[in-house]
Amino acid sequence: MELDLVVIWAAILVVGVIMYVVLDGFDLGVGILFPFQNNRGHRDHMMGSIAPVWDGNETWLIMGGVIILAIFPRAYSMILPAVYLPIFAMLLGFILRGVAFEFRHRSPGTEHIWRKVFAGGSILAAFSQGIVLGHFIGGFNFEQSLFEGGPWSWVHPFNFFTGLALVAGYGLLGGCWLVMKTTGELRAWSRRMAIRFGALVMIAMAVVSIWTPLVDPEINRRWFTMPDMLWLMPVPILTGLAFLGLWIGLFRDRTLQPFLCAVAAFLLGFLGLAISLWPYAVPRVMTIWEAASSPASQQFLIWGALFIIPVILAYTCYTYWVFRGPVSDKDGYGHDG
Amino acid sequence: MELDALMLSRIQFGLTTAFHIMFPTMTIGTALFLAFLEGAWLKTGKEVYRRLYHYWVRLFALAFGIGVVSGVVLTFEFGLNWSGYSNFIGDVLGPLIGYEVLTAFFLEAGFIGIMLFGERRVGPKLHFFATCMVALGTTFSAFWILAANSWMQTPAGYEISAQGYAVPVDWMAVIFNPSFPYRLAHMVNASLVSSAFVIAAVSAWCVLKNVERETMMKSLKLALLMAAITAPLQAFLGDQHGLNTLEYQPIKIAAIEGHWETVSEAPLVLFAWPDMEEAKNYYEVSIPYLGSIILTHSLDGTLVGLDTVPAEDRPYVPLVFFAFRIMAGLGFLMIGMAFLGQWLRHKKRLDTSQWYLKLLILTGPAGIVATIAGWITTEAGRQPWVVYEVLRTKDAVTPSLDTSTVAISLVAVSVVYLIILLVFLKVGARMVAQGPQPAGGTV
C-alpha cells in the first residue's frame, strides 16, 4: 500500500488539535473559573499555576492553523471567512487574557479590572471556539467555494449551545488542573468547581450527541447504521467509563485521576467528532484530498513535523517537570508589583 | 479612496502588523542583550550583570507577552481577510510559516516559562541555556518570516498550477529568494539598533534621576557600544538592500526617490510633494547627480522612472516617499547619536553631559519608529501587488467579505490595541522608574 501523506497529515492535525484542546483547555479553564474565586491570594495561585506554560499551550493553536494553511490551503481559505466574526472574537479574547497575565500584577490598584479582563477574555475565547466548532459540524453554506451564508450565519442555537458546552468543558479541565496543582482551601474549592462543571459537561455532551445527528443526517447514518454502529460502540462506552473515573476521582478526593479522566473524556469526544466528519476537511463540501496542497509542500514540511515535534514534546515535558507539584507563594507573579 | 472591504482589510492588516512588529523589534535585540548579560555574569561573577539581567528581563517579559498575542492575530488574518492570498500562496509560504512555528514559536514558548519563573527551580547554567533558547527562537522566527515576506517581494522557485495557484518547485530558491539575505540582515540589525536605543534611553533616564546610577551607567555604556556598532552597519545594509531592490523592483525605488521620469544623471530628491494625479513633484529640493551616484555609483547612471509602468501599476508614491525619508532620517540621527556617545565616553564626560542624556531619552523610540517606517516603505512600495508582479492585492482579498464585518473587527481591534499600548507604556514607565531590584530580588 502506498503511503498516503494526506492521511498522515490529517492525523498530525488531529494530534495537534487534541494537544491544543487539552493544554490550552485547562489554562483557559482557569480563566473561566476566575469570576467564582473571591480570594485575591487564591487567584494569584491560580494564575501562577499556568503562568510558565500558557504561552506554549497556545502555540498548538497556531500550529493547527498553520498546518491547515500549508497542507489544506483550499480549506483554510474557505473556512476562515465563513467564521470571520467568531474567529476575530476569539483572537480578541486571547489578546485580552494574554495581556492580563502581564498587567494584572504589575499595575497596583487595578487588579479588579485585569481579573475581569482575564476571565472575560478566557470565556470569550472558549465560547467563540465553541461557536466555530458548532458551525463547522453543522456544515457551512458554500457555493462554488465562495461563502454565501453572510457574516451572521453562525448565529444558530446549536452553535451557541456548543459554545457553552466548550466553556463548561474547559472549566472542568481547569478545575481538575487546579485540584492537581493546589493545596488546602483552594484545592477543596477547585474540587467543588470541577464537580459542578463536570455535571454541566455531562449534560452538554449528551445533548450534543443527540442534537448532532439531528443537525446532520449523514452523521446520523454513520453512527446508527449496522454494522458500523458495533465498531463505533466502544467510543460512547469508553466515554462513559471516563466520566465514571472522573466522578470516583473527584468524590474520593484523588489528585491525578480527575484530570486524567477529564482529558480522556475530551479525547473521546474529539475522536467521536473526527469519526463523524471523516474524511471531510470542510464538512460535506471538500474532502481532505481535495483540500490538500501540492505533494512537494506536504513532503517539505513532513520532515519538520516528524523530527521537530518529538523534540518540542520533549522540552515541553521538561518544562512541566520543572514546574511540577503544587504551586506555592514562590511561583508565578506577584513579587515585584 | 473608497472605504470598501478591501481598503478596510488593508488598513486593518497594516495596523495589526505595525502594532505587532514593535514588540518583536524590541524583543529580538533585548533577548540577545539578556543572553549576553547572563553569560557575562556566569563568566565573571560580577553582580552588576546579574542585577541588570533582572532589571531588563522584566521589561522584556512585558514586551514579549504582547508580541506573542498580537502575532497570533496575523496568522489568522491571512485566512479571514485574505482568502485569495492564502489560497494562492498556501502551498509555498504555508510550509515556511510552518517551520517558523516548529523551530521558533515552540522554542520561545517552551523556554520562556523557565526563563521568567524558573530561576529557583533550575541551576544557573540551565537557566542561561533557557535564555539562549528564547533568544535563538526570536532569531529563527525572523529568519522564516523574512523568507516568506521576501518571497512576496521577489518570488522564485515556484510555478503556477493548472488551478491557478503557486506551487513550489525548488525550496532552496523559494527560501533563499533574491531579496531574502538583504531583508533578513536589515531587519535583524534593525531590531539590534532599536533595542540599543530603547535600552540607552531607559538607562539615561535612570542615570539622570539617580536611580541605581552606577548599575545603569554600565547598562548605558553597553547599549551605546551596541548602537555604535549596529547603527553605522545599518546604513551599509540598507544601501545594499536598496541596490538589490533597484535590480528587482525598480518601480519601488522610483517611488522612494520621487522619480517620475526615466533619466540619467538623476538628482537626489531631498524633499518634495509627490502628486499622483499630475505625476510630478511639487516643491522639490534636490541635489544634482547624487541620485545616480548613490544608486548606480556613476554620475550618469540611468534610473527607471514611474512613467515606465501604467498609472494603475504604481504604488501610492507619497506614502513610500515620506516613509523612506522618515526611516533614513532617523537612521542618520541614530548614527550621529551613537558616535557622539562614543566621543563623550572617550572624553570621560558621558555621565556629566546632561544634555546628551536628555537627547538619548528623546531618541529612545527612534529605532522602532524607523523600523515601522521601513516596513511601510517596502510593503506600500510593492503595491498594487501583494506577490510582486504575480498577484494583485485586490485579487488577494476575501471575495465574499462584507464591508460591515471588517468595519466591526477594525474598530474592535483598534480600541483594544490602543488601550493595550497605553497600559503598556504606563506599566513599563513604572517598572523603569523602580530601577533594578536589590541583590537577591526576584524576577
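These legends go with a set of close-up views of a predicted model.

**Figure 1. Chain A as a whole.** Let's start with the overall build of chain A, which holds 14 helices and four strands. Its radius of gyration is 20 Å, close to the 20 Å that the globule rule gives for 337 residues, so chain A is as compact as a globular protein of that length. Laid along its principal axes, the C-alpha trace of chain A spans about 55 × 40 × 40 Å. Of contacts in chain A between residues at least 6 apart in sequence, 80% join residues at least 24 apart.

**Figure 2. The surface and charges of chain A.** Buried residues make up 59% of the 337 in chain A. The accessible surface of the chain adds up to about 13500 Å², and carbon and sulfur atoms account for 71% of that. As for charge, chain A carries 20 positive and 20 negative side chains, with the centres of the two sets 12 Å apart.

**Figure 3. The largest nonpolar core.** This core has 244 residues, and those with the most contacts inside it come from chains A and B: A:Phe72, A:Phe103, A:Tyr170, B:Trp56, B:Tyr85, B:Leu96 and B:Leu360. Which helix gives the most to this core? That would be H2 of chain B, residues 47-80, which puts in 20 residues. Apart from this core lies another, of 19 residues, and B:Leu303, B:Leu306, B:Phe321 and B:Tyr388 are among them. As background, nonpolar side chains in soluble globular proteins tend to be buried together.

**Figure 4. Around B:Leu360.** Here's a look at one of the residues with the most contacts inside the largest core. With neighbours within four places in sequence left aside, B:Leu360 is in contact with three alanines, B:Ala200, B:Ala201 and B:Ala204. B:Phe197, B:Leu220, B:Leu224 and B:Met337 are in contact with B:Leu360 too.

**Figure 5. A:Phe103 and its partners in chain B.** A:Phe103 sits in helix H5 of chain A, residues 84-104. Its relative accessible area is 0%, so A:Phe103 is buried. What does A:Phe103 touch, not counting residues up to four places away in sequence? From chain A there's A:Trp114, and from chain B there are B:Leu62, B:Ile66, B:Ile420, B:Val423, B:Phe424 and B:Val427. A:Arg115 is 12 residues from A:Phe103 along the chain, and the C-alpha atoms of the two are separated by 9.7 Å.

**Figure 6. An enclosed helix in chain A.** Is helix H4 of chain A, residues 73-82, buried or exposed? Buried: 10 of its 10 residues are, so H4 is largely enclosed by the rest of the structure. The buried residues of H4(A) include A:Arg74 and A:Ser77 alongside A:Tyr76, A:Met78, A:Ile79 and A:Leu80. A:Pro73 and A:Pro81 are also on the buried list.

**Figure 7. B:Arg51 and B:His127, two buried residues in helices of chain B.** B:Arg51 belongs to helix H2 of chain B. At 18% relative accessibility B:Arg51 counts as buried, because the cut-off for that is under 20%. B:Met216 is 165 residues away from B:Arg51 in sequence, yet the two are 9.7 Å apart in space, C-alpha to C-alpha. B:His127 is part of helix H4 of chain B, residues 124-153, and counts as buried at 1% relative accessibility. With residues up to four places away in sequence not counted, B:His127 touches B:Glu38, B:Tyr53, B:Ile114, B:Met115, B:Gly118, B:Glu119 and B:Val122.

**Figure 8. Two cis peptide bonds.** Most peptide bonds are trans, but here are a couple that aren't. In chain A, a cis bond joins A:Trp278 and A:Pro279, with omega at about -5°. A:Pro279 falls in the loop between helix H12 (257-277) and strand E3 (280-282). In chain B, B:Gln383 and B:Pro384 are joined by a cis bond with omega at about 5°. The loop that holds B:Pro384 runs between helix H12 (366-380) and strand E5 (385-387) of chain B.

**Figure 9. Positive phi at B:Ala279 and B:Tyr283.** Most residues other than glycine have a negative phi. B:Ala279, though, has a positive phi near 55°. B:Ala279 is in the loop between strands E3 (268-275) and E4 (280-287) of chain B, and at 26% relative accessibility counts as partly exposed. B:Tyr283 isn't a glycine either, and its phi is positive at about 50°. This tyrosine, B:Tyr283, is found in strand E4 of chain B, and at 65% relative accessibility B:Tyr283 counts as exposed.

Technical notes:
Residues are numbered from 1 along each chain as its sequence is written. Chains are lettered from A and ligands numbered from 1 in the order in which they are written. This is a predicted model: local features need pLDDT of at least 70, side-chain atom pairs count only at pLDDT 80 or more; totals for chains, interfaces and linings use all residues. Side-chain values use heavy atoms; hydrogens and water are left out. The radius of gyration is taken over C-alpha atoms; the globule rule is 2.2 Å times the number of residues to the power 0.38. Buried means under 20% relative accessible area, exposed over 50%, partly exposed in between (1.4 Å probe, protein chains only). Contact means heavy atoms within 4.5 Å. Accessible areas come from the Shrake-Rupley method with a 1.4 Å probe; for residues, only the protein chains shown count as cover. Lys and Arg count as positive and Asp and Glu as negative; His and the chain ends are not counted. The place of a charge is taken as NZ of Lys, CZ of Arg, CG of Asp or CD of Glu. A nonpolar core is a set of buried Ala, Val, Leu, Ile, Met, Phe, Trp, Tyr and Cys residues joined through side-chain atoms within 4.5 Å.
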